[in-house]
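The following exercises concern a pocket, a helix and a loop residue. Please work through each task before reading its solution.

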Amino acid sequence: PLQLLIIMIIEMVLVTLNEEIGAVELNAVDMGGSMFVHTFGAYFGLGVSYALTRPAKDESVKRKNGATNNSDTFAMIGTLFLWMFWPSFNGALAGPTQQHRVVINTVLALTASCSTAYYVDAVARGKKFKFNMVSVQNATLAGGVAVGSSSDLVIQPWGAIVCGIVAGAVSVIGYTHIQPYLQRKIGLDDTCGVHNLHGMPGVIGAIGGIISAARASDIEYGENIGTVFPARSPDAQGWSAAEQANHQLYALLVTLGISIVGGLLTGFFVKQIGHLDESVWYDDAHFWDQEEEEEEHMLLPTDSPQNPTQ
């Protein structure tokens with residue numbers, strides 16, 4: 001917990017610095033946070049994980065790194081709420097003229113990623129063509145992450161759907177192939193699969209934002225072009241579409257640089273503070289009261305069927 005507290009404080013400073021550079025200095029547009037929220041958070045966390053730990057060597061410990069039926073059920077409830085409210089997340093900062101585009105683009109991208117996740121998951125996991133709860137819980141949301149940067153832009157329905165299809169497919173492939181490969185080759189321990197739901201879809205969203213910015217014309221936005229891209233307003237810098245796209249790219253590169261380097265340095269720093277034996281890495285009981293423990297505490301020595309004190 002002490003390590004997590006320090007990680008949180010450092011990350012808050014770095015994410016604020018990154019957004020100051022990207023949104024203020026570079027005038028990059030990222031309505032749904034594909035770059036400044038998802039990409040930064042994912043690669044900062046992966047950098048911390050890489051510097052802090054290596055995969056456990058004990059097979060019995062590795063088997064603890066997974067879910068149970070109960071946790072899967074509760075996680076699915078959370079997934080449903082996330083799916084429903086993701087348009088609100090993407091459009092929280094949108095103006096009145098942008099909100100309808102955010103909602104439509106996000107719903108279309110989520111629907112596409114959800115459908116694609118089921119299809120790709122059944123194909124990618126072998127000949128049995130069965131679904132896996134990890135992909136259902138996570139990859140179905142990848143479209144909402146990937147459409148974030150361009151959610152308030154005029155990308156047309158087909159653009160939002162393509163964004164969702166690509167994100168859903170990449171996310172599932174990440175869980176089935178990329179994550180195990182990175183764990184074997186470089187020892188990257190990604191317990192919650194943030195690279196697959198937030199990292200890669202976030203980069204996809206940033207690339208979508210670059211393409212959308214390069215294609216944005218005054219014909220599509222009219223006098224509102226300055227409300228969507230402030231730097232393109234004649235009263236501001238008066239950038240062209242190409243200049244805006246270039247600055248979107250610079251913001252993505254800065255985000256990746258600060259998050260990865262910052263995460264690695266943070267991980268190396270907190271590693272000096274404390275160390276947990278790998279036998280308790282995935283054991284919740286080390287820091288949390290468990291249900292069976294709580295039941296034991298509730299039973300008093302004087303309790304009996306004739307003297308029910310509970």
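Three exercises with solutions follow.

This is a predicted model, in which local features need pLDDT of at least 70, side-chain atom pairs count only at pLDDT 80 or more, and totals for chains, interfaces and linings use all residues. Residues are numbered from 1 along each chain as its sequence is written, and side-chain values use heavy atoms, with hydrogens and water left out.

**Exercise 1.** Describe the second largest pocket and its lining.

Solution. A pocket is an open set of points on a 1 Å grid over the protein atoms alone, where a 1.4 Å probe fits, with protein on both sides within 12 Å along at least five of seven lines; lining residues have an atom within 4 Å of a point. The volume, the space filled by probe spheres set on the points, is about 430 Å³. Of the 20 lining residues, Glu 19, Asp 30, Met 31, Phe 36 and Leu 93 are the closest to the centre. Next, the composition is 12 nonpolar (Ala, Val, Leu, Ile, Met, Phe, Trp, Tyr, Cys, Pro), five polar (the others, Gly among them) and three charged (Asp, Glu, Lys, Arg).

**Exercise 2.** Locate the kink in helix α8.

Solution. Helices are DSSP runs (H or I, at least four residues), numbered from the N terminus. Helix α8 spans residues 156-186, and its kink of about 55° is centred on Gly 174. Gly 187, which follows α8, has a positive phi near 70°.

**Exercise 3.** Is Asp 58 buried, partly exposed or exposed?

Solution. Asp 58 lies in the loop between α2 and α3. Its relative accessibility is 37%, so Asp 58 is partly exposed (buried is under 20%, exposed over 50%, 1.4 Å probe, protein chains only).

Note on methods. The bend at a residue is the angle between axes fitted to the seven residues ending there and the seven starting there. Helices (H or I, at least four residues) and strands (E, at least two) are DSSP runs, numbered from the N terminus.
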